[in-house]
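Hello,

Here is the structure I promised to pass on to you. Have a look at it first, and then read on for what turned up in it.

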Amino acid sequence: MTDTGEDWQVARRRKGAGKRTKSPQVSSSASTCCQEQLDIEKTVKRIRDTVSELRCEEFWLQWREQLMVAASASLPNPSENKDTEGQLEKGGEGRQWQQLQCVCYGLGSFSSCVSARYQLAMLLLLLEAGQIAVKDCSVYDPVFSCAENDVLKELGLTVLTENEEGKHLVTRPTLFYLMHCGKALYNNLLWKNWCTQHLSLMLIIGNSFSGMRERTIEREFQRDYIYISKAVDLCQETQLSCPSRMIDVFSDTAVITFPSNSLSTHPQSTWAESPEPLYQHCPDLEIILKENRTVSGDG
Ligand SMILES: C[S@@+](CC[C@H](N)C(=O)[O-])C[C@H]1O[C@@H](n2cnc3c(N)ncnc32)[C@H](O)[C@@H]1O
């Protein structure tokens, strides 16, 4: 478990990680477009073993409970959503989650980074607990190798091929899972959904917005991350605990929601002006932009 929260650091590749494949079950695309080869079956098994390990953790049970409470309190009642009526089971503790889709950005290289593997395992556990179909979870990180993409597909997840830069427009209740991601990803996500209707459909598991504010110079926070800065006062954050030996993996994680009754108390001016973030003056931009795109906002 290596990477920590706020430092911008692409997940590190472990020494010798590229030498692991001996068996014939290597990624087919890895052989054509990647230098790294990976034993897909072995990697999937390792991830599933990690899921089993996390499932027994006391802190996971607390997370599950807190998430259930947050989802029930904030997201629209499933029976009010005509689009998803057919998917609902009656009763059961997953009732409030069943209409959720999921988007995960910034996991990192889970085949070589232990933190990223644990975070991926936690994602699978969250989907299971929320009874969210694995295929309804889209994952993206520009650092994923082709072989890692194959592992994700083998797990049943939907791998996005386009770098959305976090600008994912919400049309249905959606769980976002952004573990230790750069502020620009969150800021872009908030910008894209900057209205009461869309924000109220979002449930984010990621870094605490108030923690980001505390750790960032106020002037820069306001200038570069205006949507996070405003969201601190609009959202409801519940800190999720983790044992000290998992600090590198799950530190500073919160469940963040935007209850519509609280959003509606804010003046119309909150939503009036919402220019796209450009990050022109941001020296340490913590996001990988689309290819052929610069921070000037073109393209
Ligand atoms: C600080 S690392 C965190 C990695 C891992 N979650 C961890 O905690 O070790 C931030 C991650 O965000 C990813 N990232 C950067 N730009 C991104 C983008 N446009 N879309 C999705 N992920 C992105 C990086 O590649 C990197 O893996």
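Helix H3 (residues 58-74) makes a good starting point in this predicted model. Its 17 residues should span 24 Å at 1.5 Å a residue, and the C-alpha atoms at its ends are 25 Å apart, which agrees. Five residues here, Trp63, Leu67, Ala70, Ala71 and Ser74, are buried in H3. Looking down the axis of H3, you will find the buried residues within an arc of 95°, so they line one face of the helix. A general point helps here: an α-helix has 3.6 residues a turn, so residues three or four places apart point the same way. Glu58, Leu61 and Glu65 are exposed on the other side of H3. What do the buried residues of H3 pack against? Their partners are strands S5, S6 (236-240) and S7 (253-257).

Now for the chain as a whole. The protein chain has 13 helices and seven strands. It holds 299 residues, and 39% of them count as buried. If you take the contacts between residues at least 6 apart in sequence, 69% join residues at least 24 apart.

Next, please find helix H6 (residues 183-192), which is mostly covered, with eight of its ten residues buried. Among them are Lys183, Tyr186, Asn187 and Leu190. The buried residues of H6 pack against three strands, S1 (101-105), S4 (174-178) and S5 (202-207), and also against helices H8 (209-215) and H10 (226-234).

How do H6 and H10 lie, parallel or perpendicular to each other? Their axes come within 8 Å and cross at roughly 70°, and the two helices are therefore roughly perpendicular. On the H6 side, Lys183, Tyr186, Asn187, Leu190 and Trp191 meet Tyr227, Ile228 and Ala231 of H10. Those three H10 residues are buried, and so is Ser229. The cover over the buried residues of H10 includes H6, H8 and helix H9 (218-224).

The largest nonpolar core has 68 residues, and Cys102, Cys104, Tyr177 and Leu178 touch the most other members. Helix H4 (residues 114-129) gives the most to this core, with nine residues. Leaving aside residues up to four places away in sequence, Cys102 touches Leu127, Ile132, Asp136, Cys137, Thr174, Leu175 and Tyr177.

Two more residues deserve a look. Gly206 sits in strand S5, and it counts as buried because it has 23 C-beta neighbours inside 10 Å. With residues up to four places away in sequence left out, the contacts of Gly206 include Phe176, Leu178, Tyr186, Thr253 and Ile256. Gly206 and Gln239 are 33 residues apart in sequence, with their C-alpha atoms 9.8 Å apart in space.

Ser208 is in the loop between S5 and H8. Is Ser208 buried or exposed? With 22 other C-beta atoms within 10 Å, Ser208 is buried. Apart from residues up to four places away in sequence, Ser208 touches Glu237, Gln239, Asp252 and Ala254. Between Ser208 and Thr253 there are 6.0 Å in space, C-alpha to C-alpha, although they are 45 residues apart in sequence.

Happy exploring, and best wishes!

Definitions and conventions:
Residues numbered from 1 in each chain as written. Predicted model: local features only at pLDDT ≥ 70, side-chain atom pairs only at ≥ 80, totals over all residues. Helix = DSSP H or I, 4+ residues; strand = E, 2+ residues; numbered from the N terminus. Buried ≥ 20, exposed ≤ 12 C-beta atoms within 10 Å, placed from the backbone. Contact = placed C-beta atoms within 7 Å. Expected span 1.5 Å × (residues − 1). Arc of directions from axis to C-beta. Core = buried A, V, L, I, M, F, W, Y, C linked by C-beta atoms within 7 Å. Axes fitted to C-alpha atoms, helices over the stretch in contact; angles between N-to-C directions. Parallel < 35°, antiparallel > 145°, perpendicular 65-115°, else oblique.
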